[in-house]
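Have the model open beside you and let's take a walk through it. We'll start with the chains, move to where they meet, and finish with some individual residues.

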Amino acid sequence: MSILIDKHTRLIVQGITGRDGAFHTQQMIAYGTNVVAGVTPGKGGTTMHGVPVFDSVAEAMEQTKANASVIYVPAPFAADAIHEAADAGVPLIVCITEGLPVRDTMAAWHKVMAKRGANNPLGKPRLVGPNCPGLITPGQAKVGILPGHIVTPGPIGVVSKSGTLTYEVVKQLTDKRLGQTTCLGIGGDPIIGTDFIDALALFEADPKTEGIVLMGEIGGNAEEQAAQYIRRHVTKPVVAFVAGQTAPPGKRMGHAGAIISGGTGTAAEKMAAFEAAGVPVARIPSEIPGLIAELLQRRRTRRRNVVAKAAKQATPAKKAASAKKVARTKKVAPAKKAARTKKAAPAQKAAPARAAARKRARTSKQQAPRKAAARPKSKTKAARGK
Amino acid sequence: MNLHEYQGKELFARYGLPVLPGQVAGTPEEARDIAAQLGGLVVIKAQVQAGGRGKAGGVKLAHDPDEACDRARDILALTIKGLPVRKVLVAKAADIAKEYYLSIVMDREKKAPLIMLSAEGGVEIEEVARFAPEKILKLHIPVEGLRPYVARSLMMQVFPDFAQAQQAAAILLKLYTVFMDGDCSLAEINPLAVTTEGRVIALDAKVSLDDNAEFRHVDWDHWRDPEDESGWSRLAREKGLSYVKLDGDIGCIVNGAGLAMATMDLIKHYGGEPANFLDIGGSSNPEKVTAALEIINGDGHVRAILFNIFGGITRCDDVANGIVASLKESPLPVPLVIRLTGTNEEAARQILSDFGLGATTSMDEAVRMVIARAQEVNA
C-alpha cells in the first residue's frame, strides 16, 4: 500500500513538450510510471517519448481514462493548468512548477476545494503543490522530480516542505535500510493544495505505513498545526525536523513561504510545538533514521504484546467477565509495565532530554489509540469506498 | 519586495485612494523646492522600511520652505534601526482628528485575504495585537470578492459617523483592488486618518509585493531601489540565485532552499557560523556556480566555502564543471570543501579529481571538514 499513487496510477503530463516536462516524462517512464498522455495546446496529435500528446486535458481524459496529472507548465500559465485539470475531472493534480503568484494559487486552490465539496479532507480532487518535488511510491510510481534511485520500499511515510532536503533524508533512511511507503513533497509556498495535516491523515489511514517522518521549515504555522493534529489524531509514531534554525527574521529563505515575520514562524517555536505534542524532534537530519527506527521497533513490540494479550483474553471484556479473568488481566499488566521500563532505561541514560520527550510521546500515544482506533478506521473505509 | 511609503502612495493614488500630495527628495534643496511648490505646512518623513520612524525623529513638520530644507537635512543625516535615511517624502500636512488602522494581508492558513481594522491607529499593530487583540476587527474576503455592503457594515462598526464610515468603506474597496490587481501580500494604511474637516485619508502606505508576480507588472522594476541592494545581492538576483548575507565566516553554496537552511543549521550545530544563505536553484548552469563563488568571495568575511549539492534535477557534473571553470579563471583565496551526491555523481568526481579537488558524499562530514578548515585559516 501507499498514499495517492501506486502501480494503478495513469498519469497525464501537462507541459510534456517543454524542456522540464519532456526530461521528467522520460525519467518517470524509466521508473515504471504509467504515463498515458501528455498535454500541450497546439501540439495535439504528436508524441513525446512514445506518449500521445493532446491539445487539452479534457481530451486526454476522455481518450486515456487517466487518474492523475502532473504540471510542468511555466509559472505564468501553471495556475490555469490546475484549473483545466480540475475542470476535466482529474482526481490528483500535482503542480511541480515554482514561482506561481499567490493570488493565482489561491484561486486554483478554491476551485479544487469547491469541486471536492465541504468536509471531505481525504477526498478528491486533490492538489499537491505548487512548487513541490511531487511524490514517489517506491517500486510502483513516481510523479514529479524526486530521484528514483534514493528510495526503497518499506514502512515509513515521508512528508516534507522541501525538495533536496527530502532527498537527503530519504537517502539517509534508505542507507539505513528504512524503506518508504510514499515520499511526498508538499512544497514551500504560502498556499499549497496538500498540507501536513492532509498528508498525516493519509499516512494514518494507510495500513502499510508504520511510522512517519515530517520535515518542516520556518514560516507560517503549518508545523504547529501539524503538531496539534498529531497529538489528537495520529496513532503512528512521528519524527519531525525543522529547517531554518539559524535563519534571521524578515529575510525570505528561498521559498516564498520561508520567512519569519513578526516574531512568528521561527524554527524554535515549531520544534517546541512538536515536543509539546510528544513528537521527537531531530536536531540535525542525520538523527532522523535513528529516531524513527527506535520508535518503529517500540511500536512493533507493543503491537506484539497487544496481540498476545488479546489472544489470552478470548472473551470480550465487556461481557460480564468472570472474577478469575479479571484477576489474570491485573497480574499481566504490571509485568508488562516493568518490561517496558527496562527497555526505555538505556536510552534515558544516553540522552536524557530526548528520552524524556519520547516518554511523553509514548504516554500520549498509549492513550490515543484506544480513543482513536474505532474512529479513523471508519473514516478510512469511507474514503476508500469513494 | 517591500515598497517605500512614497512608492506605496504612488500605487494608492493610481487606484484613486485619497493621499495627500507630496514628492520624494534626496537632498535638503530638493525638499525646499517641493515644500515651496506645495505651499503651507508640510511634513517631512524619512523613507526607510522600519516602524517607529516618528519616535526616532524621522518625521518633522515645517512651516516654510527654508524650515523644510533644515528639517530634511536633519532627517537625511539619521540612521533608523540600522537603515541610513537616503530619501525623504515632503507632503502637505493635515490636521488630524482621529487615527485608525486598516490593512489587507494574505492569510496563508485560510487561503484568503484578511482585512484588519482597528480604531487604535497610528501605533504598531503588533502592539495592539499583543495587548488589546479585541480592538482589532478581522474579516476574511471570500473568493468571489468584497461586496460594498460588507465593506460598509464593517466600517460602521468602527466609525461613529456614517459619512466617515462611507468614505472609509470606499477606501477599503479600493485598497482591495490594489491588493488583488497589484499582487500584494500586504497593503496597510496606518494611520487611516480623519481630518478636522471630516475627510478620511491614507496618511501612510506600507505595501509588500509578491515577487512571483513580477512577470505581469512591468512597472515594478522602477520601484526597485538600486541603493537598497548591495551589488552582490543584485548580481545574485540577476543570476537567479537566492541569496541572503549573514554574519558568519563559512560560505555555503547549496541547491534547494530547505537543504540550504539545513546546511546552515548543521554548520551552527557543529560550532561554526554560516556567512550566508545561497540556493543555486534547480538548474545547474555552470554560470550560476561561477556567480555564486564570486558573490560569496566578494561579500563579507568568508574563511572557507562549502558546496553541498544533492543532485536531482541538478546534475553534479554540471556543478563540478562550474567549479573548475570558475577556479581556472580566478583561484580561490580560501579553502573549499565539496560535497556532491546524486545524479551524475561519478562523472563529477572525475572532473574534480582531474583538477586536483576531492569531494565527500556525507553532509555531516563535509560540514565538520569546512569548519576545521575555517579554523585553520583563523589560527
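What follows is a tour from the overall build down to single side-chain pairs.

Before anything else, keep in mind that this is a predicted model. So how far can you trust chain A? Its average pLDDT is 84, and 81% of its residues score at least 70. Two stretches deserve caution, though. Over residues 319-355 of chain A the pLDDT stays under 50, and the model gives that stretch 19 contacts beyond four places in sequence. Residues 357-386 of chain A also stay under 50, with 33 contacts beyond four places in sequence. Where pLDDT is low, the predicted coordinates should not be read in detail. Those contacts in residues 319-355 and in residues 357-386 are therefore best left alone as far as fine detail goes.

Now for the two chains themselves. Chain A has 386 residues, 53% of them buried, and its secondary structure runs to 12 helices and 13 strands. Chain B has 379 residues, with 52% counting as buried, and it is built from 13 helices and 17 strands. How much of each fold is held by contacts between residues far apart in sequence? In chain A, take the contacts between residues at least 6 apart: 73% of them join residues at least 24 apart. For chain B, the share of contacts with a separation of 6 or more that comes from residues 24 or more positions apart is 67%.

On to the place where the chains meet. The size of an interface is often given as the accessible area lost when the parts come together. Here chain A and chain B bury about 3900 Å² between them, and 64% of that is on carbon and sulfur atoms. In terms of residues, 54 from chain A are in contact with 43 from chain B. The rule finds 15 residue pairs in polar contact across this interface, counting pairs with both residues at pLDDT 80 or more. Which elements of chain A help make up its side? α4 (102-116), α5 (164-175) and β13 (238-243) each supply at least two residues to it. Sorted by type, the residues on the chain A side come out as 25 nonpolar, 18 polar and 11 charged.

Side chains of opposite charge can pair when their charged atoms come close. Across the interface of chain A and chain B, the rule finds four salt bridges. One to look up is Arg216(B) with Asp104(A), where the closest N and O atoms are 2.8 Å apart. Arg216(B) also pairs inside its own chain, meeting Asp183(B) in a salt bridge at 2.9 Å, N to O. That second pair links distant parts of chain B: Asp183(B) is in the loop between α6 (162-181) and β10 (184-195), while Arg216(B) is in the loop between β12 (206-209) and α7 (220-223), 33 residues apart. Are these two buried or exposed? Asp183(B) counts as buried because its relative accessibility is 2%, whereas Arg216(B), at 30%, counts as partly exposed.

Over all chains the structure holds 34 salt bridges, so there are others to visit within each chain. In chain B, Lys239(B) forms one with Glu287(B), the closest N and O atoms being 3.1 Å apart. Lys239(B) lies in the loop between α8 (231-238) and β13 (242-245), and Glu287(B) lies in helix α10 (residues 286-298), so the pair ties together parts 48 residues apart in sequence. Both ends are partly exposed: Lys239(B) at 30% relative accessibility and Glu287(B) at 47%. Elsewhere in chain B, Glu5(B), Lys9(B), Lys45(B), Arg53(B) and Asp204(B) are linked in a network of salt bridges.

Back in chain A, Arg283(A) and Glu275(A) form a salt bridge, with their closest N and O atoms 2.4 Å apart. Arg283(A) is partly exposed, at a relative accessible area of 36%, and Glu275(A) is partly exposed too, at 23%.

Last stop: Ala277(A), in the loop between α8 (267-276) and α9 (288-312) of chain A. Ala277(A) counts as buried, at 6% relative accessibility. Its C-alpha atom is separated by 9.4 Å from that of Glu224(A), which is 53 residues away along the chain.

Note on methods: Residues numbered from 1 in each chain as written. Chains lettered and ligands numbered in written order. Heavy atoms only, no water. Contact = heavy atoms within 4.5 Å. Buried area = accessible area lost by both parts, 1.4 Å probe. Salt bridge = Lys/Arg side-chain N within 4 Å of Asp/Glu carboxyl O. Polar contact = N/O pair within 3.5 Å; in protein donor to acceptor, adjacent residues only side chain to side chain. Helix = DSSP H or I, 4+ residues; strand = E, 2+ residues; numbered from the N terminus. Nonpolar A, V, L, I, M, F, W, Y, C, P; charged D, E, K, R; others polar. pLDDT = per-residue confidence, 0-100. Buried < 20%, exposed > 50% of the residue type's maximum accessible area, 1.4 Å probe, protein only.
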